[in-house]
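Hi everyone, thanks for making time for this. I'd like to walk you through a structure that will be new to most of you, so settle in and have a look at the screen.

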Amino acid sequence: MRAIWKGAVSFGLVSVPVKLYSATESHDVSFRQVHAKDGGRIKYQRVCAIDGEEVPYSDIAKGFETEDGEMVVLTEDDMANLPTTSSREIAVEKFVPADQIDPMLFEKSYYLEPEGAAAKPYALLRQALLDSNRMAVVTVALRQRTTTAVLRVRPSETGDVIVLQTMMWPDEIRQPDFSVEAGDVKDAEVKMAQMLIETLSGDFDASEFEDDYADAVNAVVKAKIEGGEVQRTETSAKTGGEVVDLLAALQRSVEAAKSSRGETDKPAKKSAATKAPSKKTAARKSPAKKAAAKKTAAKKTATKKAAAKKAS
């Protein structure tokens, strides 16, 4: 893993230098929109909704749309005056009981690794969180914006590790706009539901669950590739956003072609275009040249005869 941020956790007079690593990654299946006829990718243009003209990146600004549909355009100066911070401190504001924080507030997770000689204060904070069964509510600046987060301890194969989880702001949690009535639930039904819960009770093990959808998609794609159902499409080199994909696709294509011929990487041979034409090629060309010469001579003879006849 690659550290994406460096700073220090501070609580009281204790400072713990740490590195921040992204703790999660998405394995969701993604598709591209393509032309069903030939598999070509669908491209989108940046077109102004008012004049219908395509807009270059240099003319694109940030706009804030008001509730009544008006658009406020923000200039670079406006953006520069917004409050930002480059602080490298994870400041502990308070320690709260773990069950007081609604899991809906949690957003993204990061691992904290002690840096340098910070192993002892790191272990101290970790043990204090475990013994107190509390989370540390902190403020931290990520991508120049201050946000709230919590520190908690998570068991792992390499030992207990402190996890930083950023949180959404309270007004970002939507409230349901519907009500659920209690209903007329009978005691016998409640007891039966409790029996069912006891029957299905157990400990949570994430490895027991699989992403059947992603596995099924991968199986279908693999079968189509093995069956030769692959569209060979040309990709424009002008689109900067597709350069990496194009290079990767070309590399895979070259490797697949070499593998199918049983070839390995060898120094490139000189291009055949620099060689002199072979005798066979010259032989194929010579009859055509002779025929053209005969045709030209015949025309000259016919012209002379016509001129002589006219003179007589």
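**A walk through the model**

Let's start with a pair of charged residues: the side chains of E229 and K224 form a salt bridge, with 3.1 Å from N to O. One quick warning before I go on: what you're looking at is a predicted model. Back to the pair. E229 is exposed, at a relative accessible area of 53%, while K224 is partly exposed, at 39%.

How many salt bridges does the structure hold? Two. The other one brings together the side chains of E115 and K6, at 3.8 Å from N to O. This pair links distant parts of the chain, since E115 sits in the loop between β6 and α2, K6 belongs to strand β1, residues 5–11, and 109 residues separate them. As for accessibility, E115 is partly exposed with a relative accessible area of 25%, and K6 also counts as partly exposed, at 44%.

Okay, let me step back and give you the whole chain. We have six helices and nine strands in the protein chain. There are 312 residues, and buried ones make up 16% of them. The accessible surface comes to about 26,200 Å², and 55% of that belongs to carbon and sulfur atoms. Now the contacts: if you take those with a separation of 6 or more, 59% are between residues 24 or more positions apart.

Staying with the surface for a moment, there's a nonpolar patch made of V221, I225 and V230, and together these have about 240 Å² of accessible area. V221 is in helix α4, which covers residues 212–226. Is V221 buried or exposed? Somewhere in between: V221 is partly exposed, with a relative accessible area of 41%.

Now for some strands. Find β3, residues 62–65, and β4, residues 71–74: they run antiparallel, and four bridges join them. To pick out one pairing, G63 has V73 as its bridge partner in β4. The hairpin of β3 and β4 has five residues between the strands, and there G69 takes a positive phi near 90°.

Speaking of phi, here's another one to look at. N133 has a positive phi of about 55°, although it isn't a glycine. That's worth pointing out because most residues other than glycine have a negative phi. Where is N133? It's in the loop between α2, residues 119–132, and β7. N133 counts as exposed, at 56% relative accessibility.

Carry on into β7 itself, residues 134–142, and you reach V137. V137 is buried, because its relative accessible area is 18% and the cut-off for buried is under 20%. Which residues does V137 touch, leaving aside those up to four places away in sequence? The list is A91, V92, E93, K94, V96, I101, A149 and V150. Take A91 from that list: V137 and A91 are 46 residues apart in sequence, and their C-alpha atoms are 8.5 Å apart in space.

Next door on my tour is T148, which lies in strand β8, residues 145–154. T148 is buried, with a relative accessible area of 18%. Not counting residues up to four places away in sequence, T148 touches V138, T139, T166, M167 and W169.

My last stop is S109, in strand β6, residues 106–114. S109 is buried as well, with a relative accessible area of 14%. What does the side chain of S109 make a polar contact with? The side chain of Q165, at 3.1 Å. Q165 is also one of the residues S109 touches once you leave out those up to four places away in sequence; the others are Y21, S22, A23, T24, V163 and L164.

So, if you want somewhere to begin when you open the model yourselves, try the E115 and K6 salt bridge, which links distant parts of the chain. After that, go to N133 with its positive phi, and then to the buried V137. That's everything from me, and I'm happy to go back to any of these spots.

Technical notes:
Residues numbered from 1 in each chain as written. Predicted model: local features only at pLDDT ≥ 70, side-chain atom pairs only at ≥ 80, totals over all residues. Heavy atoms only, no water. Patch = residues over 30% accessible without salt bridge, like charges linked within 9 Å, V, L, I, M, F, W, Y side chains within 5 Å. Areas by Shrake-Rupley, 256 points an atom, 1.4 Å probe, with all protein chains shown as cover. Salt bridge = Lys/Arg side-chain N within 4 Å of Asp/Glu carboxyl O. Helix = DSSP H or I, 4+ residues; strand = E, 2+ residues; numbered from the N terminus. Buried < 20%, exposed > 50% of the residue type's maximum accessible area, 1.4 Å probe, protein only. Polar contact = N/O pair within 3.5 Å; in protein donor to acceptor, adjacent residues only side chain to side chain. Contact = heavy atoms within 4.5 Å. Pairing = 2+ DSSP bridges.
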